[in-house]
Amino acid sequence: MSGAEDSRPDDPRKVASESTTPISLNAAISTISGVGSQLSSRFTSLGLRTIGDLLKHLPIRYETEVAEAAVTEAKEATETTQASVTRTVRGEIQKVRHVPSRRPRIEALLADESGTIRLIWFNAPWLTRKIHPGVRGIAQGRAKVRGGYLEMVNPRWEEIQDESVPTRGGRLRPIYSATEDLQSARIEKVISSVLDCALDSVVDLIRPELISRRELVSLREAYRMVHAPQSALEAERGRNRLAYDELLCLQLAMAMRRWQVRNAMRAPSLEMSPGIEEKIRSRIPFELTDSQQQVCREISEDLASTIPMNRLLQGDVGSGKTAVAVHAMLTAVAHGHQAVLLAPTEILAQQHLRTVEEMLVGSRVRVAGMTGSLRTADRAVVINGLASGEFDIAVGTHALLGEDIQFKSLAVAIIDEQHRFGVEQRAALRAKGVCAELVPHTLVMTATPIPRTLALSFFGDLDVSSLRGRLPGRTAPTTRVMPLGRSDEVYRWLKTRIDRGEQVFVVVPAIEESQLGLKDVASHATALAAGALHGCRIGQMHGQMKSAECARVMDDFRGGLIDVLVCTIIIEVGVDVPNATVMVIEHAERFGLAQLHQLRGRVGRGGKPGFCVLIGDPPNEIAQGRFDAIANSSDGFEIAELDLKLRGPGEFFGSRQSGLPPLRIADLSRDFAILANAHEDAQSWIGIAGDLNDKRDLQLRRRVLGMYGSALGLSDVG
Ligand code: ADP
Ligand code: MG
């Protein structure tokens, strides 16, 4: 199965492939017999240095290599099967033709007792002198029937001196990700030459009980199965074991973190009393829904304990998360501590600040706003006031995470729209606690429901609360999809809504005019003012405007001085303008599903029904399916799951955003069952072995800490 270019005398000083002496997985690839410095440097450029790295370089797919067959048999099979498979024939070269051209080729006829096959090699000077009539050998490659002839292009060629070379059996051939000058076949050959010896050095870090309970193959077996599978099923089983290991490590890291936070850190105990509850409720201008009350109770229970709260609150757009946040913050203030509410954008921070301030008008609670656009003097006032305890509550953007921000006594930290903040931000907030040993309770809130897979993998250390159902009097906005050609109709209808005193959003994808031909804020606003929406008061907003300017536009819109807000997705999360009833989204095919759901959540928040019109021509069936899905479902959880499936976790929720190293083997969009097992196993393992401190787990612990320790801020006090 080796190409002639690969045959090289073995260097006796190097690792002999027949020997089964275990070799260190840390040994350099250059110590493998047949691997010179040039070849090993090519491995280095693939990021592979040691024999262990080779083992972990998993095939990206497999190719079926059919067992050796007679030429006529191979021809028949080729004619009847469509699947791309590699065929193997052996015989004698009969005729050879060298065709010189810009792509020189060698054409040869190979014959066995049954028939002949044409072999063609392009640009293969090393074969020029090897392929000549009378030579016998084995050819392997994809076969095609052309002009009645069976033909193989660029087959692998192995010359044979005598017929004792055994018949090649069928097998799966691993295909590795490769480079121009280090091809998959070469990688395969090197790996297979050391596989047996290397496997002897593989140590299973997982306890045997667990392996047998989950019916996993041993780690050694798994590596054998992925690199040299006997069947597709084996390759799959091997991969699944490795994916399990990878996910188990992630889950153990999450479980360790949870364990460490709960055991090594303390938070102030904020006991809820009927008196405090009543005082807080009197500040919230509406009755909390059952679901809001339930979540507030869950949070109050957490806050009463000295175990730091580490909770995720997910609730669809407009489910009323802010009131829950205020409830938690006021609990801290009632105990003489401070609270912070962190928002992902200036607009949202301003809005939260206003909400909180309005609720607290006339109370003694002092609220500070902190954003990046604050003037230096005002900033100093906030910084001093937070440090001295003059301010009870801070509302702002990530400017609040700055090193210069110190709290006198921070007891509750809330992060809104968690998917914009990573693990590190949570750690940064925790570090702002009362003192090193006394950390704040943290609550993260998200309106993009996190699909269960991602919740388990990236937020595995959090407890989860969910706000279900809609607020009283709210219905999901009715969503329609309209083709580009009917835009005029849409805007005529929009005008009638505006004439009735309603306010509308028009969302476009671009900030400025561009070559892509996408509608942009300024041109579209101008076009609408001159055309369909003549006479309406049109405002504009996008991410490149100064935040003070954005804030002014938002104020005007909220105050009813603007009828139409033409904007980009800057308003995607959180914006709350109760009188806004209609949203038109231009080029809707350019937005993600979860994003569209977020966007339309901005309308119909004030009791009047909301409408959302998606203008766009879906370019293909998938896009059409997405449109149908968003028009027919108002369930954010359902949409998020679908979005994950369509786009994959990478885009939906990059692991980059989570602050964790990316997964190499497991694929969250298909490995949910494995993830769920790994999660359960890690939970019970940490439950029993605490911080993974059992002697038997030390190596595993080292591996988990090595991979995730710094990203998750795990301490190594084993
Ligand atoms: P989100 O969960 O999207 O952050 P908000 O907290 O912004 O939702 O709430 C959406 C709107 O609903 C706000 O205007 C808020 O004042 C209002 N609201 C929240 N809870 C209730 C309730 N229990 N009854 C009536 N209105 C409510
Ligand atoms: Mg919100």
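User: How do the residues of the shell around ligand 1 divide into nonpolar, polar and charged?
Analyst: This is a predicted model, where local features need pLDDT of at least 70, side-chain atom pairs count only at pLDDT 80 or more, and totals for chains, interfaces and linings use all residues. Residues are numbered from 1 along each chain as its sequence is written, chains are lettered from A and ligands numbered from 1 in the order written, and side-chain values use heavy atoms, leaving out hydrogens and water. Ala, Val, Leu, Ile, Met, Phe, Trp, Tyr, Cys and Pro count as nonpolar, Asp, Glu, Lys and Arg as charged, and the others, Gly among them, as polar. On that basis the shell splits into four nonpolar, six polar and six charged.

User: How many residues surround ligand 1?
Analyst: A residue gets in if one of its heavy atoms lies within 4 Å of the ligand. Glu287, Gly318, Lys321, Thr322 and Asp576 are the closest, and the full count is 16.

User: Which side chain has an N or O atom 2.6 Å from an oxygen atom of ligand 1?
Analyst: Polar contacts here are pairs of N or O atoms within 3.5 Å. Gln292 puts a side-chain N or O atom 2.9 Å from a ligand nitrogen, while Gly320 uses a backbone N or O atom, 3.0 Å from a ligand oxygen. The side chain at 2.6 Å from a ligand oxygen belongs to Thr322.

User: Which residues does Val412 touch, skipping those up to four places away in sequence?
Analyst: Contact means heavy atoms within 4.5 Å. With that cut-off, the list is Leu270, Leu303, Ala328, Ala332, Gln338, Ala339, Val340, Pro440 and His441.

Conventions. Polar contact = N/O pair within 3.5 Å; in protein donor to acceptor, adjacent residues only side chain to side chain.
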